Amino acid sequence: MERIKIALTKGRTEDQVVPLLEAAGINCDGIRNKQRRLIFDEDPRYEIILVKGPDVLTYLNNGSVQIGIVGSDILTEQENFQYAMLDLDVGKCRFVLASTKNFNPQAHRRKIIATKYPNITKRYFQGIGEDVEIIKIEGSVELAPLIGLADAIVDIVETGNTLRENNLQIYAKLQPVNTKVVVNRLALRQYQPQIKELIANLENANQQMVQSKLIKE
Ligand code: PRP
């Protein structure tokens with residue numbers, strides 16, 4: 001049988017999702033000892049590739065992979081909702097508007113906002129009827145208000161450590177973020193039994209993880 005190809009977002013999502021994949025019965029030994037490898041085929045049913053979040057959707061939309069595992073931040077930014085099949089209880093965080101303590105969100109002048117997510121930022125400020133200038137940053141967004149590039153940032157906060165360690169505070173809470181399993185529609189028709197089985201196993205593993213966390217708390 002042909003392998004199902006899965007694009008997994010590397011980094012934090014990978015770290016949190018690999019235990020779930022294992023709990024769903026998928027061999028992830030290769031990913032756990034990966035060094036610079038990018039393709040993993042230890043499990044005979046799957047081929048897992050590790051890519052950056054936005055690229056997960058590029059591979060998925062193109063049909064090169066059947067399944068993507070990616071943050072809802074990227075799906076929302078790219079307005080790409082059509083394939084979401086399962087919500088995972090990992091990678092839970094939230095978009096916030098943050099800045100230094102002397103930032104005045106009520107100030108009337110046109111603000112400069114730095115972000116990795118220009119579309120989400122634009123929609124947020126349009127929603128509150130404010131016109132802002134948006135500067136797209138690729139990472140370490142927290143630097144922008146500290147170095148004088150922007151008045152504030154729109155970014156995701158998970159533990160809050162990055163904000164705290166850089167003396168930034170939250171001025172508004174925007175939408176929550178989580179990790180989603182997304183499926184190419186055409187692939188869903190073509191590989192329905194295999195994809196359904198994978199989703200069911202992942203759903204079970206996710207539920208078990210939630211239950212065991214509840215018990216621990
Ligand atoms: C994300 C986000 C924040 C940080 C928040 O960045 O952009 O910088 O995580 O997490 P925390 O609340 O747990 O501190 P990421 O680590 O993905 O890297 P980047 O700064 O290079 O974008």
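In this predicted model, an oxygen atom of the ligand lies 2.4 Å from an N or O atom in the side chain of T162. Taken alone, the ligand exposes 500 Å², of which the protein buries 73%. The space that the ligand takes is the largest pocket, and the model also holds one cavity of 30 Å³ or more.

**Polar contacts of the ligand**
- Besides T162, the side chain of E142 takes part, with an N or O atom 2.6 Å from an oxygen atom of the ligand.
- S140 contributes through its backbone, where a polar atom is 2.9 Å from an oxygen atom of the ligand.

**The shell around the ligand**
- The ligand is surrounded by 13 residues, of which K116, E142, D155, T159 and T162 come nearest.
- By residue class, this shell is made up of two nonpolar, six polar and five charged residues.
- Strand β8 (152-157) and helix α7 (161-165) each supply at least two residues of the shell, and β8 gives the most, with three residues.

**The largest cavity**
- The largest cavity has a volume of about 40 Å³, and its lining consists of N27, C28, I31, F40, D41, E42, D43, Y46, E47 and I48.
- Strand β3, which spans residues 46-51, gives the most to the lining of this cavity, with three residues.
- In the lining of the largest cavity, five residues are nonpolar, one is polar and four are charged.

Notes:
Residues are numbered from 1 along each chain as its sequence is written. This is a predicted model: local features need pLDDT of at least 70, side-chain atom pairs count only at pLDDT 80 or more; totals for chains, interfaces and linings use all residues. Side-chain values use heavy atoms; hydrogens and water are left out. A residue is near a molecule or strand if one of its heavy atoms lies within 4 Å of it. A polar contact is a pair of N or O atoms within 3.5 Å; within protein, one must be able to donate a hydrogen and the other to accept it, and residues adjacent in sequence count only if both atoms are side-chain atoms. Accessible areas come from the Shrake-Rupley method with a 1.4 Å probe; for residues, only the protein chains shown count as cover. On a 1 Å grid over the protein atoms alone, a cavity is a set of points where a 1.4 Å probe fits but cannot get out, and a pocket is an open set with protein on both sides within 12 Å along at least five of seven lines; lining residues have an atom within 4 Å of a point. A molecule sits in a cavity or pocket if more than half of its atoms lie within 2 Å of its grid points. Helices (H or I, at least four residues) and strands (E, at least two) are DSSP runs, numbered from the N terminus. Ala, Val, Leu, Ile, Met, Phe, Trp, Tyr, Cys and Pro count as nonpolar, Asp, Glu, Lys and Arg as charged, and the others, Gly among them, as polar. Grid points are joined across faces, edges and corners, and a volume is the space filled by probe spheres set on the points.
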